[in-house]
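This briefing covers one protein model by topic. Please look at the sequence and structure first; the notes follow.

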Amino acid sequence: MRKLLFQSLVQMSLTEPAPPADDAALKEVGQALANVARRRLGRSLSIREVDAGSCNGCELEIHALGNAYYDLERFGLRFVASPRHADVLLVTGPVTRNMRVALERTWNATPDPKWVVATGDCARDGGCFAGSYAVAGGVSAVVPVDLHIPGCPPPPLEILRRLLALLEAGAAAKI
């Protein structure tokens, strides 16, 4: 035990360095997203996250949106527990056969107007799980998808940028 303790003090850390802080970009994207959501919906944007069978890589990045650095709530965006209160379904992972019916029910329970966002490469087309006996396919094989966010996993700032693009496109289509 003593040898292990000394060895851990001498060895370099095995973790990756943190990405460079880009506070200005985060604040700009977040504020623009909040403004478009208020203009488009008349209130803040409500997001329901659905894990359809992912490896949890995308969930870690989505959960980072709620931490002290990104703080999604300061821009008026919030995660909700029920699809009945949601505007956006943020779906991660390939849709497994066990989650197919649950995703369909969640989509049916979400009131209009609603958007479905497939987050990550696996949600787009099944990723490395495509063709498995346990996978029904990407999210678009089960419910209509309005936006795909590429990446394995996509970084939190990219998720915010894509949500902004989705709302701006929706606002422009309605005007």
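**Salt bridges**

R124 counts as partly exposed, at 36% relative accessibility. R124 forms a salt bridge with D121, and the closest N and O atoms of the pair are 3.3 Å apart. The model is a predicted one, and a search of the whole structure finds 4 salt bridges.

- R124 and D121 are 3 residues apart in helix α5 (residues 121–125), so about one helical turn separates them.
- D121 has a relative accessible area of 23% and is therefore partly exposed, since buried means under 20% and exposed over 50%.
- In helix α4, E104 forms a salt bridge with R100, with 3.5 Å between the closest N and O atoms.
- E104 and R100 lie 4 residues apart, which is about one turn of the helix.
- E104 is partly exposed at 28% relative accessibility, and R100 is partly exposed with a relative accessible area of 31%.
- A further salt bridge joins the side chains of E158 and R162, at 2.7 Å from N to O.
- Both E158 and R162 belong to helix α6 (residues 156–174), where they are 4 residues apart, about one turn of the helix.
- R162 has a relative accessible area of 26% and is partly exposed.
- D121, R124 and D125 are joined into one network by salt bridges that share partners.

**K114, a buried lysine**

- K114 sits in the loop between α4 (100–109) and β5 (115–119).
- Which side chain of opposite charge is nearest to K114, and how far away is it? The nearest is D112, 4.1 Å away.
- K114 is buried yet has no salt bridge; the distance to D112 is 4.1 Å, whereas a salt bridge requires the nitrogen to be within 4 Å of a carboxyl oxygen, so the pair does not count.
- The side chain of K114 does reach backbone oxygens: that of W107 at 2.7 Å and that of T110 at 3.1 Å.
- Not counting residues up to four places away in sequence, K114 touches D87, W107, N108 and D146.
- W107 therefore appears twice for K114, as a residue it touches and as the owner of a backbone oxygen that the lysine side chain reaches, a pair that falls within the 3.5 Å limit for a polar contact.

**The sheet and strand β3**

- An open sheet is formed by 5 strands in the order β2-β1-β3-β5-β7, and the pairing is parallel.
- The edge strands β2 (78–79) and β7 (147–149) each pair on one side only.
- Strands of a sheet pair through backbone hydrogen bonds, in either a parallel or an antiparallel sense.
- Strand β3 (residues 88–92) is mostly covered, with 5 of its 5 residues buried.
- From β3, V88, L90 and T92 point one way, while L89 and V91 point the other way; all are buried.
- Strand β1 (residues 46–51) pairs with β3 in the parallel sense over 5 bridges, and I47 has V88 as its bridge partner in β3.
- The pairing of β3 with β5 is also parallel and runs over 5 bridges.
- Between β3 and β5, V91 stands opposite A118, and T92 has T119 as its bridge partner in β5.

**T96 and strand β4**

- T96 is placed in strand β4 (residues 95–96).
- The C-alpha atoms of T96 and D51 are separated by 9.9 Å, although the two residues are 45 residues apart along the chain.
- Leaving aside neighbours within four places in sequence, T96 is in contact with A52, G53, A134, V135 and A136.

**Confidence**

- The mean pLDDT of the chain is 81, and 89% of its residues reach 70 or more.
- Over residues 171–175 the pLDDT is below 50, and this stretch has 3 contacts in the model beyond near neighbours in sequence.
- Where pLDDT is low, the predicted coordinates should not be read in detail.

Note on methods: Residues are numbered from 1 along each chain as its sequence is written. This is a predicted model: local features need pLDDT of at least 70, side-chain atom pairs count only at pLDDT 80 or more; totals for chains, interfaces and linings use all residues. Side-chain values use heavy atoms; hydrogens and water are left out. Helices (H or I, at least four residues) and strands (E, at least two) are DSSP runs, numbered from the N terminus. Buried means under 20% relative accessible area, exposed over 50%, partly exposed in between (1.4 Å probe, protein chains only). Lys and Arg count as positive and Asp and Glu as negative; His and the chain ends are not counted. A polar contact is a pair of N or O atoms within 3.5 Å; within protein, one must be able to donate a hydrogen and the other to accept it, and residues adjacent in sequence count only if both atoms are side-chain atoms. Contact means heavy atoms within 4.5 Å. pLDDT is the predictor's confidence in each residue, from 0 to 100. Two strands pair if DSSP finds at least two bridges between them.
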